[in-house]
Amino acid sequence: EIGKLNSCNAIKPRFVVTVNEIESFTKRYLPAKGLGIVIVSTSEGLMTHTSAQEKRKGGSLLAYFY
């Protein structure tokens, strides 16, 4: 079903990652590439992992959902 939320969890401990490390953490927390979102707290505010990678910003991983 489209729009259904299967899982939503906080990431603890709050890992601080560089932009190059974001991909490895998305593989850890998300079930498949292109499925789900990891929320990253950056110096420019909260954003999704894809936005953080596009803007070349690292930060603290807060939560994920898919």
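**Exercise 1. Find which residue of β5 stands opposite Ile 39, then work out how β3 and β5 run relative to each other.**

Step 1. In this predicted model, Ile 39 faces Ala 63 of β5.

Step 2. Take another pair from these strands: Ser 41 stands opposite Ser 60 in β5.

Step 3. Put the strands together: β3 and β5 pair in the antiparallel sense, and five bridges link them.

**Exercise 2. Sort the side chains of β3 by the face they point to, and say which face is buried.**

Step 1. Start with the general idea: side chains in a regular strand alternate between the two faces of the sheet.

Step 2. Now walk along β3, residues 37-42. Val 38, Val 40 and Thr 42 point to one face, and they are buried.

Step 3. Ile 37, Ile 39 and Ser 41 point to the other face and are not buried.

**Exercise 3. Follow the chain out of β3 and describe how β3 meets β4.**

Step 1. Leaving β3, the chain goes through a hairpin of two residues and enters β4.

Step 2. β4 covers residues 45-48, and its pairing with β3 is antiparallel, over four bridges.

Step 3. For a pair to look at on screen, pick Val 40, which has Met 47 of β4 opposite it.

**Exercise 4. Decide whether Ser 60 is buried or exposed, and list what it touches.**

Step 1. Place the residue: Ser 60 sits in β5, which spans residues 59-65.

Step 2. Compare with the cut-off. Buried means under 20% relative accessible area; Ser 60 comes in at 17%, so it counts as buried.

Step 3. Look at its neighbours, leaving out residues up to four places away in sequence: Ser 60 touches Arg 14, Phe 15, Val 16, Ile 39, Val 40 and Ser 41.

**Exercise 5. Work out which other strands pair with β5, and in what sense.**

Step 1. β1 pairs with β5 in the antiparallel sense over three bridges. Cys 8 stands opposite Phe 65 there.

Step 2. β2, residues 16-17, is also antiparallel to β5, with two bridges. Val 17 has Gly 59 as its bridge partner in β5.

**Exercise 6. Is Lys 4 buried or exposed, and how many Å separate its C-alpha atom from that of Tyr 66?**

Step 1. Lys 4 belongs to the segment before β1 (8-10).

Step 2. Exposed means over 50% relative accessible area; Lys 4 has 53%, so it is exposed.

Step 3. Along the chain, Lys 4 and Tyr 66 are 62 residues apart, yet 8.5 Å separates their C-alpha atoms.

**Exercise 7. Describe the largest pocket by its volume and its lining.**

Step 1. The largest pocket holds about 220 Å³ of space.

Step 2. Of its 13 lining residues, Glu 23, Thr 26, Ala 32, Lys 33 and Gly 34 are the closest to the centre. The elements that each give two or more residues to this lining are α1 (22-29) and α2 (49-54).

Step 3. Sort the lining by character: four residues are nonpolar, six are polar and three are charged.

**Exercise 8. Zoom out: write the order of helices and strands, and judge how compact the protein is.**

Step 1. Count the elements: two helices and five strands.

Step 2. In sequence order, they read β-β-α-β-β-α-β.

Step 3. The radius of gyration is 11 Å, close to the 11 Å that the globule rule gives for 66 residues, so the protein is as compact as a globular protein of that length.

Step 4. Check burial too: 29% of the 66 residues are buried.

Methods: Residues numbered from 1 in each chain as written. Predicted model: local features only at pLDDT ≥ 70, side-chain atom pairs only at ≥ 80, totals over all residues. Heavy atoms only, no water. 1 Å grid on protein atoms, 1.4 Å probe; cavity = no way out; pocket = protein on both sides within 12 Å on 5 of 7 lines; lining within 4 Å. Points joined across faces, edges and corners; volume = space filled by probe spheres on them. Nonpolar A, V, L, I, M, F, W, Y, C, P; charged D, E, K, R; others polar. Buried < 20%, exposed > 50% of the residue type's maximum accessible area, 1.4 Å probe, protein only. Contact = heavy atoms within 4.5 Å. Pairing = 2+ DSSP bridges. Rg over C-alpha atoms; globule rule 2.2 N^0.38 Å.
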